[in-house]
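This report concerns salt bridges, a surface patch and a pocket. The structure is shown first.

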Amino acid sequence: MSDLLSALLLGILEGLTEFLPISSTGHLLIAQHWLGARSDFFNIVIQAGAILAVLLAFRQRLWSLATGLNQAENRDYVMKLGVAFLVTAVVGLPVRLAGWELPETVTPVAWALVIGGVWMLLAERFAGRLPDSTTITWKVAVAVGLAQVIAGVFPGTSRSAAAIFLAMLLGLTRRAAAAEFVFLVGIPTMFAASGYALLEMAKKGQLGNENWADVGVAFVAAAITGFIVVKWLLSYIKRRPFTGFALYRIALGFGLLLFLPAGN
């Protein structure tokens, strides 16, 4: 298989899995087992491609926020998006500089998938007993920021799953409202991560080593696929719970433990 086709498939896979609470990292790990490993920069940038899909899917919402800052409700929402991002940046940057991250190998990713799936089942059941609410508190904003850091430290956790379910447990019980807030926070988070990775490569003189054609193809593929998935997911969770995704995570995690070598 050519490198360009491999990049295309990885981009499509990233777009399919970035927003579903099933861990894009886990799926990329499986795919790269056969399609060949890629650089950290490649993996981060294609995530940014998927995040670009959020800009497109929520363009009307973002425009209304940007042009409606004279309204207290919009200002409050934007400030809480900013707080969630700042928490991720302030806590996450020292964590990254310290190199505190589990390896993206089968065993830790698989266990993160299994444990996360069980936690999703329990969290949604508990959240279902709480009053229906679309209110985003400051506590929820801080928690979403911290959840993004946790997902970065523990590959396989899923950024969307960690943040959405923590928000629901803290009172943002309407699934669609929690998903929207988490997805919007992901825009500055992932673009900042991509920019930081680019600066790191530039400082090390490694920009010439990257296959930019592969990165570009994967970025576009992730953006297009991600847009389709976001629109579908927001419609899906208005009517149905996350149970199917949780069970899928558990099955995938045990499948990884059983069928892939632990050191890969």
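The text below describes a predicted model, beginning with its salt bridges.

A search of the whole structure finds six salt bridges. Among them are the following pairs.

| Salt bridge | N to O distance |
|---|---|
| Arg159 and Glu18 | 3.8 Å |
| Arg61 and Glu180 | 3.2 Å |
| Arg174 and Asp132 | 2.7 Å |

Arg159 belongs to helix α8 and Glu18 to the loop between α1 and α2, so this pair ties together parts that are 141 residues apart in sequence. Both Arg159 and Glu18 are buried.

Arg61 lies in helix α4 (residues 59–67) and Glu180 in helix α9 (residues 175–203), so their salt bridge ties together parts that are 119 residues apart in sequence. Arg61 is partly exposed, with a relative accessible area of 24%.

The salt bridge of Arg174 and Asp132 links the loop between α8 and α9 with the loop between α6 and α7, the two residues being 42 residues apart. Arg174 counts as partly exposed because its relative accessibility is 39%, whereas Asp132, at 55%, counts as exposed.

On the surface, Leu5, Leu8, Leu9, Ile12 and Leu16 make a nonpolar patch of about 350 Å². Leu16 is located in helix α1 (residues 3–17) and is partly exposed, at 38% relative accessibility.

The second largest pocket has a volume of about 270 Å³. Its lining comprises 14 residues, with Gly116, Trp119, Ile150, Thr157 and Ala162 nearest the centre. Helices α6 (106–127), α7 (138–153) and α8 (159–169) each give two or more residues to this lining, and α6 supplies the largest share, six residues. By type, the lining of the second largest pocket contains 11 nonpolar residues, two polar and one charged.

Note on methods:
Residues numbered from 1 in each chain as written. Predicted model: local features only at pLDDT ≥ 70, side-chain atom pairs only at ≥ 80, totals over all residues. Heavy atoms only, no water. Patch = residues over 30% accessible without salt bridge, like charges linked within 9 Å, V, L, I, M, F, W, Y side chains within 5 Å. Areas by Shrake-Rupley, 256 points an atom, 1.4 Å probe, with all protein chains shown as cover. Salt bridge = Lys/Arg side-chain N within 4 Å of Asp/Glu carboxyl O. Helix = DSSP H or I, 4+ residues; strand = E, 2+ residues; numbered from the N terminus. Buried < 20%, exposed > 50% of the residue type's maximum accessible area, 1.4 Å probe, protein only. 1 Å grid on protein atoms, 1.4 Å probe; cavity = no way out; pocket = protein on both sides within 12 Å on 5 of 7 lines; lining within 4 Å. Points joined across faces, edges and corners; volume = space filled by probe spheres on them. Nonpolar A, V, L, I, M, F, W, Y, C, P; charged D, E, K, R; others polar.
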